[in-house]
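Got a minute for a quick tour of a fold? Here's a short briefing to keep open beside the viewer.

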Amino acid sequence: MKKFLILMTVLFSAISMNAQIATENAKLLDNIYVTVSGGVATPLDFNKPFPVNPLGTLTIGKEFSPVWGAEVEGTAWFGSHATGTHVIGVPHFDSELSHNAIRGSYVGFNGTVNLSNLFDVYIGGPRTFEVKTIAGIGWIHTYSPNASKSSDN
C-alpha cells in the first residue's frame, strides 16, 4: 500500500507540473479597434462661422504592443455651405462646389505612440487616463460638380 501511495503522489505531482506551463501567442485580429466619429468644420477667420459643414470619420487601427500602433483614417466633408476660405486641414470650398453631397475627403496612415506606457510602467491593462500621440501622412481631395472644373488634391 505504501508503494501505491508513493506512486500516486509522484503521478499527481507530474500532472500538476505540466499544468503550470502556459504559452500565449498573439493572433492577427488581437488589439484591433474601429472608431466612428463626427463633427463640423467652419473657417478659422469666423467671418461667417454659420452654417457649418458636417464631417464624418472612420478609423481602423491595431496596437502592436502596449506602446506602438498604427491606424488608417478616412474622413468625408459633407454639406453645401461654401465659404471660399482656405483652412488648414479642411479643403478649400468654392461656391461652385456647392452641388456635391461629399465636398472633400481625406485618407491617412498614422502611427501611434502611447506615451503613458512608454515613460511609465505598463500596468497590464488600460489606464483611467492615457496620453497618446498620433502622427502620419495623408491625402486630401476636393470634388468638383462637373468635368469642366478640375479637382484639387
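What follows covers the overall layout, then the pocket, the salt bridges, the nonpolar patch and a few loop and strand residues.

Keep in mind that this is a predicted model. The protein chain has two helices and five strands, and along the sequence they come in the order α-β-β-β-β-α-β. Of its 153 residues, 25% count as buried.

**The largest pocket**

- The largest pocket holds about 260 Å³ of space.
- Its lining draws on several stretches of the chain, including Glu63, Phe64, Ser65 and Pro66, and also Asn114 and Asn117.
- Tyr122, Gly125, Pro126, Glu130 and Lys132 line the largest pocket too, and Asn31 is also part of the lining.
- By residue class, the lining splits into four nonpolar, five polar and three charged residues.
- If you're setting up probes of this site, the charged part of the lining includes Glu63, Glu130 and Lys132.

**Salt bridges**

- How many salt bridges does a search of the whole structure find? The count is two.
- One of them joins the side chains of Glu63 and Lys132, at 2.7 Å from N to O.
- Glu63 sits in strand 2 and Lys132 in strand 5 (residues 132-142), so this pair ties together parts that are 69 residues apart in sequence.
- Both partners also belong to the lining of the largest pocket.
- Is Glu63 buried or exposed? At 15% relative accessibility, Glu63 is buried, because the cut-off for that class is under 20%.
- Lys132, at 38% relative accessibility, counts as partly exposed.
- The other bridge pairs Arg127 with Asp120, and here the closest N and O atoms are 3.5 Å apart.
- Asp120 is partly exposed, with a relative accessible area of 46%.
- As background, side chains of opposite charge can pair when their charged atoms come close.

**The nonpolar patch**

- Seen from outside, there's a nonpolar surface patch of about 750 Å².
- Its members are Leu28, Leu29, Ile32, Val34, Val36, Leu58 and Ile60.
- Which strand gives the most to the patch? That's strand 1, with three residues.
- Strand 1 (32-41) and strand 2 (53-63) each supply at least two residues of the patch.
- Leu29 comes from the loop between helix 1 (2-18) and strand 1.
- Leu29 is exposed, at 68% relative accessible area.

**Asn31, a loop residue with positive phi**

- Asn31 lies in the loop between helix 1 and strand 1, which is also where Leu29 is found.
- What is the phi of Asn31 near? The value is near 60°, which is positive in a residue other than glycine.
- For context, most residues other than glycine have a negative phi.
- At 52% relative accessibility, Asn31 counts as exposed, because that class starts at over 50%.
- Asn31 also helps to line the largest pocket.

**The loop between strand 3 and strand 4**

- Ala101 lies in the loop between strand 3 (68-78) and strand 4 (102-114), and Gly79 is found in that loop as well.
- Ala101 and Gly79 are 22 residues apart along the chain, and their C-alpha atoms are separated by 6.0 Å.
- Ala101 is exposed, at 60% relative accessible area, whereas Gly79 counts as partly exposed at 23%.
- Gly79 can also be placed against Pro51: the two are 28 residues apart along the chain, with 9.5 Å between their C-alpha atoms.

**Thr133 in strand 5**

- Thr133 lies in strand 5 and is partly exposed, with a relative accessible area of 35%.
- The C-alpha atoms of Thr133 and Val113 are separated by 5.3 Å, with their positions 20 residues apart along the chain counted as the separation.

How values were computed
Residues numbered from 1 in each chain as written. Predicted model: local features only at pLDDT ≥ 70, side-chain atom pairs only at ≥ 80, totals over all residues. Heavy atoms only, no water. 1 Å grid on protein atoms, 1.4 Å probe; cavity = no way out; pocket = protein on both sides within 12 Å on 5 of 7 lines; lining within 4 Å. Points joined across faces, edges and corners; volume = space filled by probe spheres on them. Patch = residues over 30% accessible without salt bridge, like charges linked within 9 Å, V, L, I, M, F, W, Y side chains within 5 Å. Areas by Shrake-Rupley, 256 points an atom, 1.4 Å probe, with all protein chains shown as cover. Salt bridge = Lys/Arg side-chain N within 4 Å of Asp/Glu carboxyl O. Helix = DSSP H or I, 4+ residues; strand = E, 2+ residues; numbered from the N terminus. Buried < 20%, exposed > 50% of the residue type's maximum accessible area, 1.4 Å probe, protein only.
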